[in-house]
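Thanks for making the time this morning. I would like to walk through one model with you, and I suggest we bring it up on the screen before I say anything about it.

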Amino acid sequence: IGSDEVFSIPVGVNIMMYGHGLSTDKAFSYAPSFGQTDIELLKKRNCENLVSSGIKNLLANSARDEHTANLIKTFTGKDIPIVCDPAILFNFANTKSGIKKYSVKYLLVYSYDRWMVERSEIAAIKMYAKKKGLKILSVGTYHKWCDKNIVCNCIEWIDYFRYAEGVVTDTFHGLILSIIAQKKVGVYIREENKNKLTDLLCKAKLSEQRMNEISTDELERVLEHEIDYDIVNKEISELREESLKFLEASLDLCFKN
C-alpha cells in the first residue's frame, strides 16, 4: 500500500488504503504519508479505530517522513523505518527522454496550480528571472504568469528539470526531481506539506535551500548557493539502499506467510 499521502484523510477516507476490504491478508505499506493528518484529526473524524486497526494488521509498515513514522508507532508500538519515494528508489541518472534542450535559458517553476498565485510571489520570481536573463517555464501544471507552460510525459519532465538553470518549487516531488537532476533549487514550504517536505530537506542535507518566503532576496540566496551534490547523493544512496532492503524483506514476508 503506497505511496505518498495514502494515509491522509482530509480529502476522504478509502478503507482499502489501511488494509481493510482487501482480497488478501498479505499486505504491507511502502512510503506512505499521513500528510498533515494527526491523531486529533483522526479522532475528530471518528477514524482513529478504523485507521489503527488496519495499520496494525499489515505485515510490515514503513513511512516517508518522521511524522508518519511516529503516528504509525503510536498505533503499532513498533519503530518504523523511513524509506524513500519510488521516484528516488529508481535511479534515473541514465534515463533520457530524447527531447531537445530548450532554445533559451530558463528558470523552472513546479507548483500546483492553486499555489504560487500570490502577486508578491509572482513578482519576486519574475524580478529574479529578469535580472538573470531567464525565461520562466512551468512544467506539468498551468501558471498563466509564466513565459511558457509545458505539457509532457514523466521522463520528459525530468529532462526539463535537467536543462533548467535553477528550480523554484513548493512541492515534495519538485524537490525530488531537483535532486535527480542535480539542480540549484529554492524550496518554499507551505502548511499543507510541511511534514514530508521539511523531512526530505533535512535527510538530503538541503535545509539551506529552504526559503523563508518567496522574495527576490531569498531567491538570490538559495539559487546562488552552491550545493554539494556529493554529500546529497551519499545521503540519497544510503536511503535508497535501506529502502530496497525493506522492500525486499517485506516481499519475502508476504511469500512466507
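Let me begin with a question: which residues does aspartate 4 touch, not counting residues up to four places away in sequence? Please keep in mind, while you look, that this is a predicted model. The residues that aspartate 4 touches, with those up to four places away in sequence left out, are Ala31, Pro32, Ser33, Arg64, His173 and Lys196. Aspartate 4 sits in the segment before α1, which covers 39-44, and with a relative accessible area of 19% it is buried, the cut-off being under 20%.

The backbone around this position also deserves a careful look. Most residues other than glycine have a negative phi, and most peptide bonds are trans. Aspartate 4, although it is not a glycine, has a positive phi of about 70 degrees, and the peptide bond that joins glycine 2 and serine 3 is cis, with omega at about 5 degrees. Serine 3, like the aspartate, is placed in the segment before α1. Asparagine 46 is another non-glycine residue with a positive phi, here about 60 degrees; asparagine 46 lies in the loop between α1 and α2 and counts as exposed, at 70% relative accessibility.

From that loop we can go on to the helices. Helix α2, residues 48-56, packs with helix α3, residues 66-76, at an angle of about 85 degrees, and their axes are 9 Å apart. That angle makes α2 roughly perpendicular to α3. On the α2 side the contact is made by Glu48, Val51, Ser52, Ile55 and Lys56, and on the α3 side by Ile72, Phe75 and Thr76. By character, the residues of this contact divide into four nonpolar, two polar and two charged.

Now to the sheet. It is an open sheet of six strands, in the order β3-β2-β1-β4-β5-β6, with parallel pairing. At the edges stand β3 and β6, the latter at 210-211, and each has a single partner strand, so one side of each is left without a neighbour in the sheet.

How many bridges pair β1 with β4, and in which sense? The strands β1 and β4, the latter covering residues 166-169, pair over four bridges in the parallel sense, and tyrosine 110 stands opposite threonine 169 in β4. Helix α5 packs on the sheet, where it touches β1, β2, β4 and β5, and its direction makes about 155 degrees with that of β1.

Strand β1, residues 106-110, also pairs with β2 over four bridges, in the parallel sense, and tyrosine 106 has lysine 135 as its bridge partner in β2. Between these two strands the chain crosses through helix α5, residues 119-132, in a β-α-β crossover that is right-handed. Of the five residues of β2, residues 135-139, four are buried, so this strand is largely enclosed by the rest of the structure. Three bridges join β2 to β3, residues 148-150, the two running parallel, and the bridge partner of leucine 137 in β3 is lysine 148.

Let me close with glutamate 156, which lies in helix α6, residues 154-163. Glutamate 156 is partly exposed, with a relative accessible area of 23%, and, residues up to four places away in sequence again left out, it touches Ser97 and Ile99. Glutamate 156 and isoleucine 122 are 34 residues apart in sequence, and from C-alpha to C-alpha they are 25 Å apart in space.

Key
Residues numbered from 1 in each chain as written. Predicted model: local features only at pLDDT ≥ 70, side-chain atom pairs only at ≥ 80, totals over all residues. Heavy atoms only, no water. Axes fitted to C-alpha atoms, helices over the stretch in contact; angles between N-to-C directions. Parallel < 35°, antiparallel > 145°, perpendicular 65-115°, else oblique. Contact = heavy atoms within 4.5 Å. Nonpolar A, V, L, I, M, F, W, Y, C, P; charged D, E, K, R; others polar. Buried < 20%, exposed > 50% of the residue type's maximum accessible area, 1.4 Å probe, protein only. Pairing = 2+ DSSP bridges. Right-handed = clockwise from strand over helix to strand, strands pointing away.
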